[in-house]
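Trainee: I'd like to take a close look at a single part of this one. Could you walk me through it once it's on screen?

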Amino acid sequence: MKKYLILVLLILGLNSFAQQKIENLNFENFENDLPSQWATFGGSTAKISADAKEKQEGKTSVLFDAKENSGFKALMYTLPENYAGKKITLSGYIKTENISDGFAGLWLRIDPEIAFDNMEKVNLKGTNDWKKYEVTVDMSPENTKKIVFGALLSGIGKMWVDNLKITIDGKDIRDAKIFEKKLTKIDLDKEFDLGSKISNINLDNENVDYLTKLGLIWGYLKYYHPSVAEGNHNWDYELFRIYEKTKSVSSNQRDEIILQWIKNLGKYQIAKNSEPKNVKFKPDLDWITNSGFSKELSEELLKLKEAKRPQANYYVDFFRQVGNPDFKNENPYQKMNYPDEGFRLLSLYRYWNMIQYYFPYKNLIEEDWKNVLKEFVPKFINAKDETEYTLASLEIIARIHDTHAGVWGNNKVLTKYFGERYSPIKLTFAENKAVVNDFYNENFAKEAGIQKGDVITEINGETVENIIKNRLKYTPASNYPTQLRNISYNLLNSNSETINIKFSRNGKTEEKTIKTYTGPELKYTKEKKEFFNMLDNNVAYFYMGSVKAEELPAVFEKIKDTKGLVIDFRSYPSDFVTVKMGKLLKPETTEFVKFSNTNNTQPGLFTFTPSLKIPGSGKNSYQGKIAILINETTQSSAEYHTMAFRTAPSSKVFGSQTAGADGNVSDFVLPGNISTMISGIGVYYPDGKETQRIGIIPDVEVKPTIDGIKNNKDEVLEKAINWINN
């Protein structure tokens, strides 16, 4: 569960440090209206340009000009090195004019998730003359992958920025000492830096069976052998070495070679592990004895179960407090857009074993995960180009049924595959049909002759039902409604300038050719909704996509005498207010959730934590009815908040099944720049009842209808209000 949207969007990958000089921090040089050596990102339509009239020093400053509220826009500068030190400070001058519905600020971030500050708490808005601001965060050079900083404008108004400086422990960045990370044994192993040297892998049934077993053993040793866990071996490259030694020998010879390989890794101590308590599920290691290995090899593998392992494996650690896995030190091989056969096999083995030992919902996959490994060996090896490799990766990711999973980061291959151009039409699925429910550009939609409530039945001569059938395997999600949600986002995408559609309106079938557009051509801006308003004198309404923790006390004071409160979670909460808001809704402390996680002592063994509680506020708690609204867009943090808030005695949940993906996410990159993630901890009700895949089940099921969409009705909200008033 990500707490802050802007923080999420600032996670732009863990790229290597760029090779550049540190310059243009005073915005004197511009190329195509943008300051040179700077990047820009964010969904806002704000314009960034040079301003020679308004500056703090020098010839120019940089101007952010947002005429409408469409999110935020940011400038980003990436430092060329990692630096030694304890604290890093970004300072600079800001001037603002009429900023509202957001804030202006400098921001500084150390990846991966080491430190972050964007001045949101300063709440800089309105009109202010030039003033110096500073952002300081703690450093952790030994863990740092990237240091980025910049300026951002959220909301409406103008912001000027000028004369930035970076200092480390008070010294200018140009005089700071570059951090020299000690090279490990893995860093010094360079044998396969230019390729695996593996090609023409035999894919007959016998060899696929062997490659499956090799993947099982390789992953097991990666996480279970103390010497590998301590980082004494480049385990990626060890795969290529052991494959070459075993590819052309008999099964008996293979077992003997692998046995000697394991013994050569070194001796280890045996741990005295007590019987685990509160077990959710145990690691799947039965394959060690039922895969047909020699007696000696099976015994050697079984011995490893009792090995004393370090708590922090070189390849995986756990985030503090939360406990979701941190897949650190996994080489992404960023220059390999299309990895060779050996690296494609490595990619499959790496992903499969991450799920095997660190996915908290592996028990819900509903098929033997080992069979999936065997199925995908030929798919990865036979992938003849970058597109087929990316699709094979997406397909196996979809098999874990996790809405947090997917191929993220604006993957260019998938963007091209599903279509780089967009229609002006928004779709949803109602009554199991693809229905127009809104527009990305209303004028373009009117020009196309499309109306709300139109049911799309065919696209370029292919039925929507058939398109869905073909796309399901490439659509990672925890349940079918959420798969349909995700398919609706790109169902009308295309690489052509027009698409032909057939649709139904008022019982009549029509056909039209509609235009498609690039993202900038659509000029789409997401509507900004206020957190709180009154629906009538007796019913209050909270839109959780705009919630702010600091506003809660004042807002609850305003609604304390209302008959009911509607809490709308059909969006992602903009702030993490589980406890702060939850306690205001109910008088007494209640349990609402417990987790499951694993550790490196015995990877794959998931145990439950004690239940967490939400305190109450006694007689000062809200006394009216509480209606909570959910649907397939209710995901992760929204589901977590719903679990907490529905413990209020006067609450009832309305809507439909949620996305079924809860728990803090763990992200990683596979060879070929395949960026993905998983739900990293298991989330359950206090009695152990599942939330993953199932999601939140409403007390009162209400789904939008085609007629309701056509007539601009919010049928879920209407049902909730009727319950409150009756």
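Where is histidine 233 found: which loop holds it?

Mentor: Keep in mind that this is a predicted model. Histidine 233 sits in the loop that runs between α4 (226–229) and α5 (235–246). Despite that loop setting, histidine 233 has a relative accessibility of 17%, and since anything under 20% is called buried, it counts as buried. Now look at what its side chain is doing: it makes a polar contact with the side chain of serine 227, at 2.9 Å. Serine 227 falls within the 226–229 span of α4. If you set aside the neighbours within four places in sequence, the residues in contact with histidine 233 are Ile186, Ser227, Val228, Glu238, Leu265 and Tyr315. Glu238, for its part, belongs to the 235–246 stretch of α5.

Zoom out and you can see what surrounds that spot. The chain carries 21 helices and 32 strands. Its radius of gyration is 27 Å, close to the 27 Å that the globule rule gives for 726 residues, so the chain is as compact as a globular protein of that length. Along the principal axes, the C-alpha atoms fill a box of roughly 80 × 65 × 60 Å. Buried residues account for 54% of the 726, and histidine 233 is one of the buried ones. As for how the chain connects up, take the contacts between residues at least 6 apart in sequence: 75% of them join residues at least 24 apart. On the outside, the chain exposes about 32,900 Å², with carbon and sulfur atoms supplying 46% of that.

How values were computed
Residues are numbered from 1 along each chain as its sequence is written. This is a predicted model: local features need pLDDT of at least 70, side-chain atom pairs count only at pLDDT 80 or more; totals for chains, interfaces and linings use all residues. Side-chain values use heavy atoms; hydrogens and water are left out. Helices (H or I, at least four residues) and strands (E, at least two) are DSSP runs, numbered from the N terminus. The radius of gyration is taken over C-alpha atoms; the globule rule is 2.2 Å times the number of residues to the power 0.38. Buried means under 20% relative accessible area, exposed over 50%, partly exposed in between (1.4 Å probe, protein chains only). Contact means heavy atoms within 4.5 Å. Accessible areas come from the Shrake-Rupley method with a 1.4 Å probe; for residues, only the protein chains shown count as cover. A polar contact is a pair of N or O atoms within 3.5 Å; within protein, one must be able to donate a hydrogen and the other to accept it, and residues adjacent in sequence count only if both atoms are side-chain atoms.
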